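Reader: Please take one part of this fold and look at it closely. I would like the helix packing first, then whatever it leads to.

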Amino acid sequence: MKRSTALATAAAGAVLLLAAACTSDVPPGGAAPTGAPGTSAPPAADQFFDQAEHDRQLALRDQTAQGPADQPWVQMLEPEMVDTAQYATQGPHNVCFSNASVDNPWRQVGWTTMQAEVDLHRDEIANFTALDAGASDDKQISDIQQLVGGDCDALIVSPNTTATLTPAVEAACGRLPVIVFDRGVDTDCPVTFIHPVGGYAFGATAAEFLAGEVGQGGKVLALRVLPGVDVLENRWAAAERIFAARGVDVVGVEFTENDTATAKSIVSDYLQREGQINGIWMDDGTAAVAALEAFEDAGQPRPAISGEDQQQFLEKWKAENLTAQAPTYPTFQWRTAVIAALQILRGEQVPREWILPQPVITSANLDQYLQPGLPPLHYALCGCREMPDFPARWGA
């Protein structure tokens, strides 16, 4: 099972933060995109497809999570609890965090939410030390080594890529308790791996929605971010199988490198080439509004689209009555990582794999998630509405 490590260190002193961007492992058997952003994506690599895990995630969509209904960041699906008595130490603690990057709005909202969670535990966290890898595998490997060699009691890791970071995480596991979250690594050594249901569920949910809207033979353009990150590869692996089974015409699969201008340009090019596109599938919703603007500029009817819980997309959806859906990858998991680190240092049991709920936003429940007055790039499922200094701390 691929796993991720999440480790939070609370700053009664300084927080060390370096800037961020994004890289990836190139899947064996498939070349990375060449040339400018927007070149066609290779088929999902077998390295990133696990039929049993795919089937499990799709089944988990229908399960009810354990835990308080108003605190989804501590809920869990089908938990297998593990004993952590060996890690119990007297606090306050030094918690450390190796972050892949803060190079996109989702990660920025998550990082703000994590710091707010740390502030709720000042009695237990003496120092919170965070190093940002700037989306560099080499930098993150160095960061992990630096943190492990320091005075950390626990380490949270959000890996930049999957395979390349695995050896560094495995080495860290031999020295201190490691918590992985968000993206996975190819080892079971972390004490817990925290993540929402997963990429297969995300991709399949969006593809099922679009296939139902565009029908057999309908044209769908798939916009992807980058190759080599397990959760993103899983999203597309699930989606392409559903599109094939339902007879959807996938006219293109393109990488945007999470750049909205690039996404808009790609969509414009496809509209000129195809004449009409009925649906837009996205493995990351950051560029959803930009993609829709390409249709508006071309005088084309807006397509059915899958986005995410980003504020500007939700607002446009509401204002223009879009045919849309938002499978989510909740930023509230950044809270869970800190909570898990402290539970482990208290010697409390935690799930070996901490699976969080993954809500889906539809037209029926849109109003539940859309809160006016928040920044355009805010993510609704931050789990932060009741936290101190909301919404100001999140940029409102």
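Author: H1 and H5 are roughly perpendicular to each other, because their angle is about 65 degrees and 65 to 115 degrees counts as roughly perpendicular. This is a predicted model. H1 covers residues 51-60 and H5 covers residues 199-214. Their axes lie 8 Å apart. The crossing is right-handed. On the H1 side, the contact is made by Glu53, His54, Gln57 and Leu58. On the H5 side, Gly199, Tyr200, Ala201 and Ala204 meet them. By class, this contact of H1 with H5 holds 4 nonpolar, 3 polar and 1 charged residues.

H5 also packs against H6, residues 230-245. Here the axes come within 7 Å and cross at roughly 35 degrees. This crossing of H5 and H6 is right-handed. H5 brings Gly199, Tyr200, Phe202, Gly203, Ala204, Ala207, Glu208, Leu210 and Ala211. H6 answers with Val231, Asn234, Arg235, Ala237, Ala238, Ala239, Ile242 and Phe243. The residues of this contact divide into 12 nonpolar, 3 polar and 2 charged. Gly199, Tyr200 and Ala204 of H5 meet H1, and these residues also meet H6.

Now the sheet. It is open and has 6 strands, in the order S9-S8-S10-S11-S12-S15. The pairing is mixed. S9 (249-255) and S15 stand at the edges. Each has a single partner strand, so one side of each is left without a neighbour in the sheet.

Strand S8, residues 219-224, is joined to S10, residues 279-282, by 4 bridges. These two strands run parallel. S8 also pairs with S9 in the parallel sense, over 6 bridges. Ala222 shows both pairings. Opposite Ala222 stands Trp281 in S10, and Val253 in S9 also stands opposite Ala222. S8 is mostly covered, with 5 of its 6 residues buried.

A helix packs on this part of the sheet. H7, residues 260-274, touches S8, S9 and S10. The direction of H7 makes about 150 degrees with that of S9.

Further along the chain comes H9, residues 311-320. Its buried residues are Gln311, Phe313, Leu314, Lys316 and Trp317. They pack against two helices, H8 (288-297) and H11 (366-369). They also pack against three strands of the sheet: S11 (304-306), S12 (324-327) and S15 (360-361). Just after H9, Asn321 takes a positive phi of about 55 degrees.

Trp317 in H9 deserves its own look. Its relative accessibility is 2%, so Trp317 counts as buried. Beyond its neighbours within four places in sequence, Trp317 is in contact with Leu322, Ala324, Gln325 and Ala326. Further contacts of Trp317 are Ile361, Thr362, Ser363 and Leu366. Some of these partners belong to elements already named. Ala324, Gln325 and Ala326 of this list fall in S12. Ile361 falls in S15, a strand at the edge of the sheet. Leu366 falls in H11. Val289 is 28 residues from Trp317 in sequence. In space, the two are 9.4 Å apart, C-alpha to C-alpha.

Definitions and conventions:
Residues are numbered from 1 along each chain as its sequence is written. This is a predicted model: local features need pLDDT of at least 70, side-chain atom pairs count only at pLDDT 80 or more; totals for chains, interfaces and linings use all residues. Side-chain values use heavy atoms; hydrogens and water are left out. Buried means under 20% relative accessible area, exposed over 50%, partly exposed in between (1.4 Å probe, protein chains only). Contact means heavy atoms within 4.5 Å. Axes are lines fitted to C-alpha atoms, for helices over the stretch in contact, and angles run from 0 to 180 degrees between N-to-C directions. Angles under 35 degrees count as roughly parallel, over 145 as roughly antiparallel, 65 to 115 as roughly perpendicular and the rest as oblique. A crossing is left-handed if the near helix is turned anticlockwise from the far one by less than a right angle, and right-handed if clockwise. Ala, Val, Leu, Ile, Met, Phe, Trp, Tyr, Cys and Pro count as nonpolar, Asp, Glu, Lys and Arg as charged, and the others, Gly among them, as polar. Two strands pair if DSSP finds at least two bridges between them.
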